[in-house]
Amino acid sequence: MNKASCIICRGVAESVFEKKIFGQNVKYNLCTNCGFLFTERPAFWLEQSYSSAITSLDIGLVNRNLIYSEILACYIKICHRRSKKFLDFGGGYGLLTRIMRDLGFNYYRQDAYCENLFAKHFDLTDAASTSQFDLLTAFEVFEHLNDPLFEIEKMFHFSDTIFFSTELMPDTDLEKWYYLLPEIGQHISFYSEKSLKQIGENFGAKYFRVSDSLHILTKRPNNKVRLFLFKYIAINYLKLLRKMKFTSRGSLLNNDFESAKKKLVL
């Protein structure tokens with residue numbers, strides 16, 4: 001069995017399965033220590049996979065930003081009441097930044113690979129001071145990181161608190177996990193809770209799990225009561241959305257995703 005060095009904890013990582021990415025077999029390595037899963041490096045296919053920064057398979061982008069904006073506003077009001085300036089790292093088209101500014105939060109956007117369509121004039125370079133923000137968000141970014149520690153260090157340069165989303169790895173059927181998305185080749189880093197805690201330790205930060213997809217890394221002292229209050233609200237909000245299936249007719253999101261995936265393969 002092929003082995004590699006884990007890029008999070010430097011432990012031993014073993015090749016556990018392969019997937020075809022743009023017609024080539026690519027190894028997925030799993031760390032035996034922290035549980036971090038990553039594709040073989042260097043990821044030679046990335047230039048091709050980012051020919052379009054936002055993949056056509058990301059049909060959940062609008063819905064996700066609407067949901068996360070509500071959760072984020074709640075988080076700020078409960079846990080960051082005195083915060084005044086915010087940065088969305090890897091902010092894509094700038095949709096979240098625009099929504100948050102519409103809600104009254106002084107948000108800015110950063111993304112080196114994607115055009116700012118919705119939050120023009122509110123990029124990182126437009127901020128009066130780019131040195132520090134009270135909170136940094138990074139939604140659906142961590143799974144794209146070729147060198148997570150390097151990129152997370154950049155995030156901590158801007159803020160001592162990172163509120164982010166990425167799906168935690170399942171305990172079973174890892175090879176069949178939908179989040180791998182080899183069809184697009186952009187998801188190359190996958191995290192266990194233990195690996196996220198290890199990342200926190202690497203930077204002298206605490207890790208807090210909000211849900212299977214929402215997480216916090218912070219270097220600042222936190223009021224645990226407020227954090228758990230926010231967690232309770234966020235989890236129940238997500239449960240309510242799942243129960244409602246977004247609309248009375250039921251969301252077409254999953255069906256559309258499967259349909260788009262088949263067309264992409266063809």
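Leaving aside its neighbours within four places in sequence, which residues is R64 in contact with? The views below start there and then visit other parts of this predicted model.

**View 1. R64 and its partners.** Start by finding helix α2, which covers residues 61-79 and holds R64. Once neighbours within four places in sequence are set aside, the residues in contact with R64 are D58 and E140. Look closely at the first of these names: the side chains of R64 and D58 are joined by a polar contact of 3.0 Å.

**View 2. L253 meets residues from far along the chain.** L253 belongs to helix α7, made of residues 253-265. Follow the chain from I59 to L253 and you pass along a separation of 194 residues, yet in space their C-alpha atoms are separated by 7.3 Å. Not counting residues up to four places away in sequence, L253 touches I59, G60 and N63. Is L253 buried or exposed? The answer lies in between: L253 has a relative accessible area of 26%, so it is partly exposed.

**View 3. A nonpolar patch on the surface.** Three residues, L229, Y232 and I233, make a nonpolar surface patch of about 300 Å². One of them, I233, sits in helix α6, which runs over residues 224-244. I233 counts as partly exposed because its relative accessible area is 33%.

**View 4. Cysteines without a disulfide.** How many disulfides does the model have? The count comes to zero. For C6, the nearest cysteine sulfur is that of C31, 3.7 Å away, and C6 is in no disulfide. For C9, the nearest cysteine sulfur also belongs to C31, at 3.5 Å, and C9 is in no disulfide either. To count as a disulfide, a pair of cysteine sulfur atoms must lie within 2.5 Å. Now check how well each one is covered. C6 has a relative accessible area of 0%, so it is buried. C9 is at 19% relative accessibility and therefore counts as buried too, since the cut-off for buried is under 20%.

**View 5. Helix α4 and what covers it.** Helix α4 spans residues 148-158, and its buried residues are P148, L149, E151, I152, M155, F156 and F158. What lies over them? The cover includes the strands β5 (86-89), β7 (135-139), β8 (161-165), β9 (189-190) and β11 (214-218). Helix α5 (193-202) is also part of this cover. Try tracing each of these elements in the structure while keeping α4 in sight.

How values were computed: Residues are numbered from 1 along each chain as its sequence is written. This is a predicted model: local features need pLDDT of at least 70, side-chain atom pairs count only at pLDDT 80 or more; totals for chains, interfaces and linings use all residues. Side-chain values use heavy atoms; hydrogens and water are left out. Helices (H or I, at least four residues) and strands (E, at least two) are DSSP runs, numbered from the N terminus. A polar contact is a pair of N or O atoms within 3.5 Å; within protein, one must be able to donate a hydrogen and the other to accept it, and residues adjacent in sequence count only if both atoms are side-chain atoms. Contact means heavy atoms within 4.5 Å. Buried means under 20% relative accessible area, exposed over 50%, partly exposed in between (1.4 Å probe, protein chains only). Patches are made of residues with over 30% relative accessible area and no salt bridge: like charges are joined within 9 Å, nonpolar side chains (Val, Leu, Ile, Met, Phe, Trp, Tyr) within 5 Å. Accessible areas come from the Shrake-Rupley method with a 1.4 Å probe; for residues, only the protein chains shown count as cover. A salt bridge is a side-chain nitrogen of Lys or Arg within 4 Å of a carboxyl oxygen of Asp or Glu.
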